[in-house]
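User: Could you take a close look at one loop residue for me, and then at how the parts around it pack? Keep it casual.

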Amino acid sequence: MRGRTFTQDARRTQIVEATIETLAEIGYTKTSFTAICRHANLSSTGLISYHFAGKPQLLREVTRTILEKAGTLRTGHVEQETTYRGKLGAYISSHFDFMARYPAHARALTEIAGLVRERPALGLDDVARSALSVETLVVLLEEGCRAGEFRIPDPPVLALAVQGALDNVVRHHELFAVADLGRLARELTDIFTRCTLAP
């Protein structure tokens with residue numbers, strides 16, 4: 001990475017953003033280097049191949065880019081809260097905020113997550129771990145337990161339940177264009193906050 005020029009970095013960013021837009025618009029199965037070229041206004045697919053050895057490598061960079069953007073937004077929400085219940089609510093609401101601010105990124109990540117679930121033989125195990133990870137949420141829940149705010153028998157299980165609900169809301173929103181994402185965020189926050197109080 002240290003050997004890349006500013007122009008090369010800019011081109012890689014252009015390709016990644018075009019891939020995100022393409023995935024969001026036409027889905028993974030139709031996303032080819034040719035389709036990405038059209039979105040990026042590139043003259044040749046060779047320009048993509050110059051920067052990325054193949055589709056798996058490109059998807060890794062796309063996933064890293066999306067998760068980094070989502071993580072920055074989530075951290076900003078969570079760090080504003082002083083209680084762990086507040087942090088859990090912020091974690092959930094940041095998911096909806098991300099959908100509202102970056103709809104193409106959210107749809108592209110849904111495509112990638114669906115891909116690695118359905119076709120694990122593509123050599124994208126690292127992408128799957130990144131796209132489906134609940135580690136950050138598990139840490140938040142465990143810290144809440146240690147602070148005495150939560151009583152959760154198994155934080156990783158609750159983390160999976162929260163993330164599963166969020167992922168399904170994304171898919172439902174894409175199919176039916178749910179208008180009031182704020183209401184959904186509040187309702188899910190209330191449901192899972194109640195779960196943290198279970199004996």
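Analyst: Sure, let's start in the loop between α2 (33-40) and α3 (46-51), which is where N41 sits. Helices here are DSSP runs of H or I with at least four residues, numbered from the N terminus. This is a predicted model, where local features need pLDDT of at least 70 and side-chain atom pairs count only at pLDDT 80 or more, while totals for chains, interfaces and linings use all residues. Residues are numbered from 1 along each chain as its sequence is written, and side-chain values use heavy atoms, with hydrogens and water left out.

The backbone is the curious bit: N41 isn't a glycine, yet its phi is positive, about 55°. Most residues other than glycine have a negative phi. N41 counts as exposed because its relative accessibility is 68% (exposed is over 50%, with a 1.4 Å probe and protein chains only).

Zooming out, the domain assignment, which is automatic or from a database, gives domain 1 (1-52) and domain 2 (54-196). Their C-alpha centres are 26 Å apart. The contact (heavy atoms within 4.5 Å) draws 16 residues from domain 1 and 18 residues from domain 2. Between them the two domains bury about 1500 Å², 73% of it on carbon and sulfur atoms; buried area is the accessible area (1.4 Å probe) that two parts lose on being put together, summed over both. On the domain 1 side, I20, Y28 and F52 lose the most area to domain 2, together 45% of what that side buries.

Notes: Helices (H or I, at least four residues) and strands (E, at least two) are DSSP runs, numbered from the N terminus. Buried means under 20% relative accessible area, exposed over 50%, partly exposed in between (1.4 Å probe, protein chains only).
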